[in-house]
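Open the viewer and keep the selection panel at hand. This tour goes from the ligand outward to the pocket.

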Amino acid sequence: MSAIQNASIGIVFGTDTGNTEDIAGRIASQLEQYGASANIVDIREADSDVFEQNDLLILGIPTWDFGGIQADWDDVEAMLNTLELSGKTLALYGLGDQFGYGDYFVDAMGWLYQRLKNSQAGFIGFWPVTGYDFEASEALTEDGKHFCGLAIDEDQQFDKTDGRVSAWVKQIVGEFNGLAEAAA
Ligand SMILES: Cc1cc2nc3c(=O)[nH]c(=O)nc-3n(C[C@H](O)[C@H](O)[C@H](O)COP(=O)(O)O)c2cc1C
């Protein structure tokens, strides 16, 4: 059995209009292809146990109102700062609109990364900027070549979503299993 099949996996999302929840379901379906199963939780119903009792956490956040944080994630900012995440693995995904809000594309995913990057958790799932067309984003790595997680644009590039989700899930499964092998 691979590490991902033995792992407890939580997908925690916040959403205003349902897109980020929909993607949580599609990520969970893709994980099933690898024999892995995930629990999907709305951040409104999540407490610190959800974060501290899963091996792999996949966190989804959309950006609203010119780089703003989705309200339910904003509400838990204090909790995010106090989580005990040593030994956990995190992967982020963010939803946005690169043509409508090209100066703020998936900014909130960058906010989430900043909140958690100094925790004891390890991050996987960085994703290349190739194939997107935007001006600026707070969710980029220092060299500007990657997002800090999967960027999904259901407004402008919905036809690319399934391909992106399946390629990203394949990537994070490989990275998760690789980390487990390295630790063994
Ligand atoms: C009023 C409004 C403001 C938005 N602001 C941003 C933004 O600043 N950056 C961005 O990337 N997307 C922005 N979006 C796009 C949303 O993030 C996108 O539609 C997303 O899929 C919504 O996800 P949800 O349905 O899970 O809430 C905005 C959309 C609307 C309608």
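Helices (H or I, at least four residues) and strands (E, at least two) are DSSP runs, numbered from the N terminus. This is a predicted model: local features need pLDDT of at least 70, side-chain atom pairs count only at pLDDT 80 or more, and totals for chains, interfaces and linings use all residues. Residues are numbered from 1 along each chain as its sequence is written, and side-chain values use heavy atoms, without hydrogens and water.

**Stop 1: the shell.** Select the ligand and the residues near it (a heavy atom within 4 Å). There are 20 around the ligand, and T15, T17, T20, T63 and D155 come nearest. Now colour strand 3: it gives the shell three residues, the largest share. By class, the shell holds eight nonpolar, eight polar and four charged residues. Here Ala, Val, Leu, Ile, Met, Phe, Trp, Tyr, Cys and Pro count as nonpolar, Asp, Glu, Lys and Arg as charged, and the others, Gly among them, as polar.

**Stop 2: the backbone.** Show main-chain atoms for F66, L95 and D97. A polar backbone atom of F66 is 3.1 Å from a ligand oxygen. For L95, a backbone N or O atom lies 3.5 Å from an oxygen of the ligand. At D97 the partner is a ligand nitrogen, 3.1 Å from a backbone N or O atom. Switch to a surface: the protein covers 87% of the 640 Å² of accessible area (Shrake-Rupley, 1.4 Å probe) that the ligand has on its own.

**Stop 3: the pocket.** Which pocket does the ligand take up? The largest one. A pocket is an open set of points on a 1 Å grid over the protein atoms alone, where a 1.4 Å probe fits, with protein on both sides within 12 Å along at least five of seven lines; lining residues have an atom within 4 Å of a point. A molecule sits in one if more than half of its atoms lie within 2 Å of its grid points. The volume, the space filled by probe spheres set on the points, is about 300 Å³ for the largest pocket. Select its 22 lining residues; T63, W64, G96, D97 and D155 are closest to the centre.

Methods. A polar contact is a pair of N or O atoms within 3.5 Å; within protein, one must be able to donate a hydrogen and the other to accept it, and residues adjacent in sequence count only if both atoms are side-chain atoms.
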